[in-house]
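Please open the model in the viewer and keep the selection tool at hand. The tour below proceeds stop by stop.

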Number of protein chains: 4
Amino acid sequence: MEIEIATIGGYEEVGRQMTAVRAGDDVVIFDMGLNLSQVLIHDNVETEKMHSLDLIDMGAIPDDRVMSDLEGDVQAIVPTHGHLDHIGAISKLAHRYDAPIVAAPFTIELTKQQVEDETKFSGSFDNDFVKMEAGETMSIGDSGNVEMEFVHVTHSIIDAINPVLHTPEGAIVYGLDKRMDHSPVLEDPIDMERFREIGREGNGVLCYIEDCTNAGRKGRTPSESHARNHLEDTIRSIEDYDGGIVATTFSSHVSRVSSIVEFAKDIGRQPVLLGRSMEKYSGTAERLGFVDFPDDVGMYGHRKSVDRTFKRIMKEGKENFLPVVTGHQGEPRAMLTRMGRGETPYEIEDGDKVIFSARVIPEPTNEGQRYQSERLLRMQGARIYDEIHVSGHLREEGHYQMIDALQPQHIIPAHQDLEGFSPYVDLAESQGYQMGRDLHVTRNGNMIQLVE
Amino acid sequence: MEIEIATIGGYEEVGRQMTAVRAGDDVVIFDMGLNLSQVLIHDNVETEKMHSLDLIDMGAIPDDRVMSDLEGDVQAIVPTHGHLDHIGAISKLAHRYDAPIVAAPFTIELTKQQVEDETKFSGSFDNDFVKMEAGETMSIGDSGNVEMEFVHVTHSIIDAINPVLHTPEGAIVYGLDKRMDHSPVLEDPIDMERFREIGREGNGVLCYIEDCTNAGRKGRTPSESHARNHLEDTIRSIEDYDGGIVATTFSSHVSRVSSIVEFAKDIGRQPVLLGRSMEKYSGTAERLGFVDFPDDVGMYGHRKSVDRTFKRIMKEGKENFLPVVTGHQGEPRAMLTRMGRGETPYEIEDGDKVIFSARVIPEPTNEGQRYQSERLLRMQGARIYDEIHVSGHLREEGHYQMIDALQPQHIIPAHQDLEGFSPYVDLAESQGYQMGRDLHVTRNGNMIQLVE
Amino acid sequence: MEIEIATIGGYEEVGRQMTAVRAGDDVVIFDMGLNLSQVLIHDNVETEKMHSLDLIDMGAIPDDRVMSDLEGDVQAIVPTHGHLDHIGAISKLAHRYDAPIVAAPFTIELTKQQVEDETKFSGSFDNDFVKMEAGETMSIGDSGNVEMEFVHVTHSIIDAINPVLHTPEGAIVYGLDKRMDHSPVLEDPIDMERFREIGREGNGVLCYIEDCTNAGRKGRTPSESHARNHLEDTIRSIEDYDGGIVATTFSSHVSRVSSIVEFAKDIGRQPVLLGRSMEKYSGTAERLGFVDFPDDVGMYGHRKSVDRTFKRIMKEGKENFLPVVTGHQGEPRAMLTRMGRGETPYEIEDGDKVIFSARVIPEPTNEGQRYQSERLLRMQGARIYDEIHVSGHLREEGHYQMIDALQPQHIIPAHQDLEGFSPYVDLAESQGYQMGRDLHVTRNGNMIQLVE
Amino acid sequence: MEIEIATIGGYEEVGRQMTAVRAGDDVVIFDMGLNLSQVLIHDNVETEKMHSLDLIDMGAIPDDRVMSDLEGDVQAIVPTHGHLDHIGAISKLAHRYDAPIVAAPFTIELTKQQVEDETKFSGSFDNDFVKMEAGETMSIGDSGNVEMEFVHVTHSIIDAINPVLHTPEGAIVYGLDKRMDHSPVLEDPIDMERFREIGREGNGVLCYIEDCTNAGRKGRTPSESHARNHLEDTIRSIEDYDGGIVATTFSSHVSRVSSIVEFAKDIGRQPVLLGRSMEKYSGTAERLGFVDFPDDVGMYGHRKSVDRTFKRIMKEGKENFLPVVTGHQGEPRAMLTRMGRGETPYEIEDGDKVIFSARVIPEPTNEGQRYQSERLLRMQGARIYDEIHVSGHLREEGHYQMIDALQPQHIIPAHQDLEGFSPYVDLAESQGYQMGRDLHVTRNGNMIQLVE
């Protein structure tokens, strides 16, 4: 059976991920992401109103024109988890393919919401949504020979999976995005046992497509429970403070939000989740049963209800609450930045604590904005606790262990540019792979034929 | 009562700490440290054989000649904990003062060993050693008005204390060195309650001398239990590995060593502590009852017994052991570096794990040596896990909380150079102190008169 | 004669410089600057409309309330050169003092323009302006004993001087801001001979107040002719390019602008200076005879004439012009950034060259904005040449030579925060000065009495 | 005619360069270099006594075993310039090939000396040496169709060339190593005119192999005359100093050495070149007529004559001399480091100047050693001037201009690892090349068939 892989997007950047795998006549697309930084550099761009070709030219969404060179029918579009760089282009590109969106429950729900937001002007979207849980499989196409399985992985968003395409030639493991977490929060450990089985069963692994984001960092990415331990240590240390405590984190990081909520309760404060995206992710996770927040946790998305909540907090006493807000990257219009500017009813006073449970994404724009945000907060008297965080991506030793578990015949580094691939290539070569032979360093828009 | 403070050493560097406080006719000296880097820059220097004046000229030990300007009798020499930059000059300088060494039990023991090592050529040392536990007090001098108390603190070595001199004018709190740890390993949390009491009782705190090492780092230093959690996460993740695992850390950091020992046992390996300094610190701690290692933990200090142990490990199988060795800074002659060079019987093979439970002390010499060490280890096939560590020094928010607890009338930043004092000065000024009034930024060899 | 120095502003930051020296009954104020970054952090702040007290609270202008503690009459307000951090608060503060603004011709002119811009709403300014050239002196007050001299220095703006107050107790040299340039562009070398004389004559130098901006950088700051050489090398290397070449630099840096103009001519292009501030500084310099631009150099300040010029360039061919524009720090609304966004009639095409004859001022906000600006320019196809620049401030060896030349009795580090003072203090101490004795490390708002 | 390129060494590192080009039946080898850092990491390694296979295993010299896959006869071994990473393996590998060493005069001479040093133990070397000047050509093999030309380029060593193999399929340009210098010192500008001709004539350029060392640095590498200008500015600024002035630079960088010599004379000091490698490179250059040093310039290589010279300098007065010594990277046994340790008769005193006309090669080992060296020098009172240097390698805009001049059909990035190739790949892709099609990103030991 012919096996071909189209590396469509996310091979020259982090963002706009898209990869298609053809097994015989059947094609599966993994991820359709958005590179938000290519949008934000322009003033006044509204992606909802833009045509996909313009977004392709901007480098914001994958250039899927290479798909016309791939002979076969797209049977499924498979976002691996709910981050925008994996689902953000579905609203723009999926309608070109007569195939359902197949994803884990939380990812399906986020994709639906994203599509609704983005297509309210065009209304052009009519792909089906098919829910599939980690551990489950589905048949792909009519050959009866190809099956797709979801393996549970751990990342900085819940319900992430790695899809595996079982073909007669061996398995194709699409490894984006994950951390090897044996003691995560809110969910099961990564299913390494299944990965090891896949590495040994049948023809083994034909090809492994891997997320290289942190390949250049030594050691292993710590567990989410390590960030949780850090959060607890931090929040406990300010338990006696009788003024305002505010926290910010990635709104999509429900495990982290739930830890903050829990420790807020532990020190006798009512947690309130504020902002549209906070409400969206945490609300969705709770509705789907991934998390069970205490009854008195407030979630407020609309500007008016947020303002009302802030007024209530000021009236009832800041010492009774712990607002969890957006703004961890210092985004100029996010809630925390506006709080620093004194634009909300919540008054930051001398000694108030602000907890950044996030790392600044290392890029000068973010660093500049975050610096401004912290300066504003400090001008109000805030005390800053930052980098209470662990990454969602494997580092060098995680990659070493994944290669060891899967023993793939071919490897395709992904989710980075060439510079980012480089430490991964060094690792793979030290394990016997050879660039140009079984280690495929590639760019956006290429086709790799593994079996002819 | 006149109160005067002589800032003798460690006010222009980290290293060679020494401060004297005069209360009326009585003087207490806090710390007498060695700045090892001023020694190591020279080839072939042996401090044991050197005269104290030469070591002073080298900048290696405190220049205590300013003591002659201090009218009063030295009643005690008080090392706060067992690190060399606090006890390393006692063998060279203490004999000039007719006063006992007063310290906590672990510190006393380490000081004794240090003095024995250093004075075997001269034999000149005859100060008494007086043991005093955290929580205890002793009377200073004959006035009946001055008392010294030890308050338990948490640092990167066990049994650290902050001495407090109670005088009729208020307390003088000597704050070197500490982290604010509410869940340490092997010992009690920092005694913040006592600090808060001292801040409120009597005349409050007249002066606070503070360790500024990490004052410029945002947030708080995490607890030792956070490093322990990180270690556990790391060691558990390689539980299934059937080859060699080696760890290195500060040999004086007995809490850390004990965590490594414990997790080694958890994954079914016998821990062995190798190297003279490993044996010294851990052996001493065990003898004094600070730690209770499992019976089968080996400790071997002499070169011959280390080699014999390595041979035994190679024979019985590396998968059964977890050697804990020196060399975390890549020191050229340390055990781990020699292992990287293939100079020991222990053979590092492809896939073997090396755990650095330490941070490179940020200075180009260390960074160069550590880089070389890692390169050598990787050339043997080693996989590196590094920076599994937390600092022993307060960061910005710890300092904020200490000032809040003590409410001192005067503050003297210490344990840094001027650049290192600068973030602390910013913090103190934001809390209402003023440089030149009640915030004393000073250099080595100065005298500050607080009460005339 | 009593000598007292008030360190009013710029002793905790770079920006809002202000120092007052009292000699007997007479006071001279050196500099009254604006810290622009404290203004820009806020949205929508217009300094022209703000009261000085609000600007003081914002940390934007010097808090001159300490002046009321200085007994004596202000005889002169002396801005040393035309940069905003030295003249920017004159419009807000000078009217409180019954004293003329005394400055070198270029500085006078820029100060007048600044005052006119800022006081058009209030109209409150009525201090006299007194022009004084480098090398000249004037009598201060009625004692007949105090004289002020201007010594010519070299900086990143022309006509900079160091004022020297000659008193019976010795000279007070106010050393802000300078580089030691022996082969500058458009003006004479720094007058080191005069400094050496001042160091030897009469009672020598009582006090030296020094600009520490680059004290922590090794070696010496190269001459402006070094930047000029770099510019020439760069522009010559693209001599054959037949598309657009654009340059940006500090608009106040007339020497640099004149070098760009000259090399543009050399490669057969017409230089055009675009933007309000380009026109202001270069126009003023030309009117005062500091520079003689070729006849065909265009200068256009108003938006409309800039747009008209861009249209003409596009019509007559970009290969015939070299526009010099604002935007070297990536300021969001500056000309070059707008060119990157495609908001001007000048179209940047593939291969066009953009020369940044400036260094990014190292602060995350600037770095973020500059990064964005370069990204936008590159998206249009621009080729970037950056850091074609030398600093205007002395480095370590320049400071060493100044101390050697002046042999001052007292030194006061300025124009930095405490961290920035720290390498200067190390240098001064290595030359025998001692902090707290004759080396005065201070903060904003302090008074130092040198002679009682 | 078949054209094949073997990328043998220097495609995964900087060091051990070696590339072979086959045109029909004829093969030319470009460079045979040594990666010194792979040797120095080991204690006590003497390359002279080592077998080539051991050096290959150490990663020190190119693994030329791939040459057996290349069908054809080696007709020439062509080192492009005299740096060790281009000639250092000739003594170990060239004897395997029945072909002469063809190089420019200075390179030939240095290669001969290197071979003599290295083969004194084995005596195995008997390849011929053939001198060829830039601008000359020679016929390769018997086909009558292949010619080799040397094009003059500018680098950090004199007499560097880029060899061009003219084949019926187009030219193969081997672009290692160069800077685009239009105003170099001691030699002619880079011959860009010839490169542009080669790009246009016949079949144009089939393939360009390029030195990517600085591809990731913005802008252009300045001319050597820029470093010379910096040197002059620096040395002039200390013209009046009446103590010791010492300079260090790359001993192979004869242009730089000659500038130092010249400016030493200008300020009335006698230059003396000290150390074996200083004598070797400068002596050779003078003998070959590349430089004409003043008659009184001393050159002393042997330890004894160096010591004698230092003694003479101390006797006749340091103010009359300017020693130029080795040790710019802080190498522990180099002259300058030994001077810092006080191990030579030259006494560094307070205020003496040390000029580093070099940049620290950015690697932690070098940085650590250089830091130690500067610390030692400063402990003697030395004043440090550093980074008076320009690189010998093209930056981004030089690469842009080379591609523009040559318009090659294929490009092979070299002289870096994959991370180092990455910015070059971005540049080439922005110019229309495509990885995997006409842009060949490769590793050591690969074969690229350009024409079948």
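The term pLDDT denotes the predictor's confidence in each residue, on a range from 0 to 100. The structure shown is a predicted model, and a first selection of chain A, coloured by that confidence, gives a mean pLDDT of 96. In chain A, 99% of the residues reach 70 or more. For the model, the scores are ipTM 0.96 and pTM 0.97.

Next, select chains A and B together. Here 20 residues of chain A are in contact with 20 residues of chain B. Which elements of chain A give two or more residues to the side that touches chain B? They are helix H7 (224-237), strand E17 (383-385) and helix H13 (396-406) of chain A. Highlight H7(A) before moving on: with 7 residues, H7(A) provides the largest share of that side. If the side of chain A that touches chain B is then coloured by residue class, 5 nonpolar, 8 polar and 7 charged residues appear.

Now hide chain B and display chain D beside chain A. A rotation of 180 degrees, with 0.0 Å of shift along its axis, superposes chain A on chain D, and the RMSD is 0.0 Å. This is therefore the relation of a two-fold axis.

To locate the rotation axis, select A:Glu419. Among the residues of chain A, A:Glu419 comes closest to the axis, its C-alpha lying at 2.3 Å.

As a last stop, select the interface residues of chain A and of chain D. Why do the copies meet through the same surface? They do so because 100% of the interface residues of chain A are also interface residues in chain D.

Definitions and conventions: Residues are numbered from 1 along each chain as its sequence is written. Chains are lettered from A and ligands numbered from 1 in the order in which they are written. This is a predicted model: local features need pLDDT of at least 70, side-chain atom pairs count only at pLDDT 80 or more; totals for chains, interfaces and linings use all residues. Two residues are in contact if their C-beta atoms, placed from the backbone, lie within 7 Å. Helices (H or I, at least four residues) and strands (E, at least two) are DSSP runs, numbered from the N terminus. Ala, Val, Leu, Ile, Met, Phe, Trp, Tyr, Cys and Pro count as nonpolar, Asp, Glu, Lys and Arg as charged, and the others, Gly among them, as polar. Copies are superposed by least squares on the C-alpha atoms of residues with pLDDT of at least 70 in both.
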